[in-house]
Structures are given as C-alpha cells and as structure tokens.
Amino acid sequence: MSQGHRTLKDRMHTRLMLAVRWVSGAELAEGLSTSAPAIEDALADLVLEGLAEFDAEQGYRLNASQLCRDAVRMLQRRKVQRAVAGHTFEGCYRIGVAEHRAGLGLVTWELEFPAPEDGPDFLDLHMAQINQILKFTEQGMAHA
C-alpha cells in the first residue's frame, strides 16, 4: 500500500469518526481532489479492517459501539480532549470513551465493569476506579 493511499484511508477514517452517523461515499469524498476509485479502495480497506461498516442503502459508518459514538458526539459538542458516555446494563456499567491522543488522533474504546452498589460512596469508588483506568491508559500510550 502506498503512503498516499494510507493517508487517504486515515482521512476517510477521521471523516467517519467526525460524522458519527451513516454517510455516503460521495459525502466523505467531498472537497478532496482524489479519484473516486482511490476513495472507494480506502473505504473498502476500512470496512475490511473492521474500522467502518457499510450498508448499500445508508453508506458508511464508524464501526464503534453506540456508547463510543455518543462519546464522540459529546467530544465534538463540548470541544474537550476526552468525553465519556455510560449506562448500566444487566448488572454492569459500560462506558464508551472518545479522546484525542497525540500522534494517533481521535481514539475510541469501551469498558465494562460491575455496576456499583447503591449509594454515593459506591458510585464515588467506581468513578475513582474509572479515573485510574483512564490515567493508566494515558501512561501506557505515553510509553508506547
């Protein structure tokens, strides 16, 4: 794969992340002076790599959980470095995280852990654990 193609694929992935909804290939290509076959190849690579979803009627969408897509929307709306969306589900608490990482750009990930017991002390404890996990991922990325 050429460097030019890699850059185009990265740009298509970024555009999908920023759109956070189904978009057509033509909409993703808007404003680019790249040929249609090159754009189609880049989008196909994203689908094959599992980074994007394709539907013939709806177009392309970021292949991420609803929580992660919600976190990306929050990140865009609030113009912050990191946003977290979460909810309880069948005795668990799930969070979707979207964050800007130096050298990587926009990154999304999801975490699931047991739902806290009732009461503010338990919720505070779990939020402290989440913050420790977020700090751990930052340290790990700094050393990568």
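**Close-up 1. Ala98 and its contacts in the predicted model.** Ala98 touches Cys68, Ala71, Val72, Leu75, Gln81, Arg82, Ala83, Leu106, Val107 and Thr108. That list leaves out residues up to four places away in sequence. The model shown here is predicted.

**Close-up 2. The largest nonpolar core.** This core has 14 residues. Val72, Leu75, Ala85, Ala98 and Leu106 touch the most other members. Two elements, α4 (66-78) and β3 (82-89), each give two or more residues to the core. Helix α4 supplies the largest share, 6 residues. In soluble globular proteins, nonpolar side chains tend to be buried together.

**Close-up 3. Another nonpolar core.** Apart from the largest core lies another one, of 12 residues. Among its members are Leu16, Ala29, Ile39 and Leu43. Ile39 and Leu43 are also among the buried residues of α3.

**Close-up 4. Helix α3 from end to end.** Helix α3 covers residues 36-48, a run of 13 residues. At 1.5 Å a residue, α3 should span 18 Å. The end C-alpha atoms of α3 are 18 Å apart, so the model agrees with the expected span. Just after α3 comes Gly50, with a positive phi of about 80°.

**Close-up 5. The two sides of helix α3.** Which residues of α3 are buried? They are Ile39, Ala42, Leu43, Asp45 and Leu46. These residues cover an arc of only 155° around the axis, so they sit on the same side of α3. An α-helix has 3.6 residues a turn, so residues three or four places apart point the same way. Glu40 and Leu48 are exposed, on the other side of α3.

**Close-up 6. An aromatic pair.** The structure holds 1 aromatic pair. Phe54 and Tyr60 form this pair, with 4.8 Å centre to centre. The angle between the planes is 45°, and the pair is tilted. Is each ring's residue buried or partly exposed? Phe54 counts as partly exposed because its relative accessibility is 48%. Tyr60 counts as buried because its relative accessibility is 13%.

**Close-up 7. Confidence along the chain.** The protein chain averages a pLDDT of 82. A score of at least 70 is reached by 85% of the residues. Which element has the lowest mean pLDDT, and which the highest? Helix α5 (residues 120-143) has the lowest, at 66. Strand β1 (residues 52-55) has the highest, at 95.

Note on methods
Residues numbered from 1 in each chain as written. Heavy atoms only, no water. Phe/Tyr/Trp six-rings, centres within 6.5 Å; stacked < 30°, edge-to-face > 60°. Buried < 20%, exposed > 50% of the residue type's maximum accessible area, 1.4 Å probe, protein only. Core = buried A, V, L, I, M, F, W, Y, C linked by side-chain atoms within 4.5 Å. Helix = DSSP H or I, 4+ residues; strand = E, 2+ residues; numbered from the N terminus. Contact = heavy atoms within 4.5 Å. pLDDT = per-residue confidence, 0-100. Expected span 1.5 Å × (residues − 1). Arc of directions from axis to C-beta.
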